[in-house]
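Q: Could you take a close look at one part of this structure and work outwards from there? I would enjoy one connected account of what surrounds it.

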Amino acid sequence: MWKCSKCGREFEKVQQDHFCVKPSSIDEYIAMQPQAVQPILQKIRETIRTAAPEAVEKITWRMPTFWLNENLIHFAAFKNHIGLYPGGEATTVFAERLTGYKTSKGTIQLSLDKPIEHERITDIVLWRVKQAKGKDK
């Protein structure tokens with residue numbers, strides 16, 4: 001067993017990757033990530049911000065989140081990928097454009113060893129904005 005010196009949690013694997021410190025902002029979340037991943041996260045953040053300028057940035061479930069009448073989209077860094085969480089329907093609606101990506105209901109994995117296609121993220125965010133704005137009536 002291995003015990004994290006920051007949070008005191010015990011894990012079977014030594015140096016188990018986990019979130020034991022809750023970031024209070026997206027800036028803080030990005031700063032907590034490995035140096036090589038920070039510019040990738042910042043660019044994803046900028047892409048989402050441009051597509052959804054009215055959305056509010058916050059941390060939800062310890063992930064960067066954009067809020068517009070509901071959780072619009074989340075993203076998170078992992079060892080080998082960035083997780084993008086646009087909600088359950090997105091992977092079905094964008095299925096043709098997501099071939100080659102690992103997906104599950106509401107989850108898209110953007111591999112860190114491939115270029116991130118920001119235009120695809122923009123299209124997904126614009127689609128989510130339309131959904132979210134439809135709920136404010």
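**Arg45 and its surroundings**

A: Happily! Setting aside neighbours within four places in sequence, Arg45 touches Ile26, Asp27, Ile30, Glu57, Phe66 and Phe75. Please keep in mind that this is a predicted model. Arg45 belongs to helix α2, which covers residues 38–51. Its relative accessibility is 11%, and since buried means under 20%, Arg45 counts as buried.

Let's begin with the charged partners. Arg45 and Asp27 form a salt bridge through their side chains, at 2.5 Å from N to O. This pair connects distant parts of the chain, with Arg45 in helix α2 and Asp27 in helix α1 (residues 26–31), 18 residues apart. The two ends of the bridge sit in unlike settings: Arg45 is buried at 11%, whereas Asp27, at 47% relative accessibility, is partly exposed.

Glu57 is the next partner, and a polar contact of 2.7 Å joins its side chain to that of Arg45. Glu57 also has a salt bridge to Arg49, where the closest N and O atoms are 3.6 Å apart. Both residues of that bridge are partly exposed, Glu57 with a relative accessibility of 28% and Arg49 with a relative accessible area of 25%. Put together, Asp27, Arg45, Arg49 and Glu57 are linked in a network of salt bridges. The count of salt bridges comes to 7.

Another of these bridges leads us towards α4. The side chains of Glu54 and Lys133 meet at 3.0 Å, N to O. Glu54 lies in the loop between α2 and β3 (56–60) while Lys133 is in helix α4, so this bridge ties together parts that are 79 residues apart in sequence. Here Glu54 is exposed, with a relative accessible area of 53%, and Lys133 is partly exposed at 32%.

Now for the nonpolar side of the neighbourhood. Phe75, one of the residues in contact with Arg45, is named together with Leu110 as having the most contacts inside the largest nonpolar core, which has 35 residues. The elements giving two or more residues to this core are α1, α2, β4 (63–67), β5, β6, β8 and α4. Among these, α4 gives the most, with 6 residues.

Beyond its neighbours within four places in sequence, Phe75 has a long list of contacts, including Ile26, Leu41, Ile44, Ile48, Met63 and Phe66. Arg45 is on that list too, as are Ile82, Gly83, Leu84 and Tyr85. Ile26 and Phe66 therefore turn up twice in this account, once as contacts of Arg45 and once as contacts of Phe75.

Helix α4 deserves a closer look. At 1.5 Å a residue, its 16 residues (118–133) should span 22 Å, and because the C-alpha atoms at its ends are 22 Å apart, the model agrees with that expectation. Its buried residues are His118, Arg120, Ile121, Ile124, Val125, Trp127, Arg128, Val129 and Ala132. An α-helix has 3.6 residues a turn, so residues three or four places apart point the same way. The cover over the buried residues of α4 includes α2 along with β5 (71–77), β6 (81–85), α3 (90–93) and β8 (107–111).

The strands complete the view. β6 and β8 pair in the antiparallel sense over 4 bridges, with Gly83, one of the contacts of Phe75, standing opposite Gln109 of β8. Strand β7 (residues 102–104) is also antiparallel to β8, the two being joined by 3 bridges. Gln109 appears again here, as the bridge partner of Lys102. The hairpin of β7 and β8 has 2 residues between the strands, and Gly106 takes a positive phi near 80°.

There is a further hairpin close to where we began in this account: β3 and β4, also with 2 residues between them, where Trp61 in the turn has a positive phi of about 55°. These two strands are antiparallel and share 5 bridges, and Val56 faces Trp67 of β4 across the pair. That brings us back to Arg45, whose contacts include Glu57 and Phe66.

Terms used. Residues are numbered from 1 along each chain as its sequence is written. This is a predicted model: local features need pLDDT of at least 70, side-chain atom pairs count only at pLDDT 80 or more; totals for chains, interfaces and linings use all residues. Side-chain values use heavy atoms; hydrogens and water are left out. The expected span of a helix is 1.5 Å times one less than its number of residues. Buried means under 20% relative accessible area, exposed over 50%, partly exposed in between (1.4 Å probe, protein chains only). Contact means heavy atoms within 4.5 Å. A polar contact is a pair of N or O atoms within 3.5 Å; within protein, one must be able to donate a hydrogen and the other to accept it, and residues adjacent in sequence count only if both atoms are side-chain atoms. A salt bridge is a side-chain nitrogen of Lys or Arg within 4 Å of a carboxyl oxygen of Asp or Glu. A nonpolar core is a set of buried Ala, Val, Leu, Ile, Met, Phe, Trp, Tyr and Cys residues joined through side-chain atoms within 4.5 Å. Two strands pair if DSSP finds at least two bridges between them.
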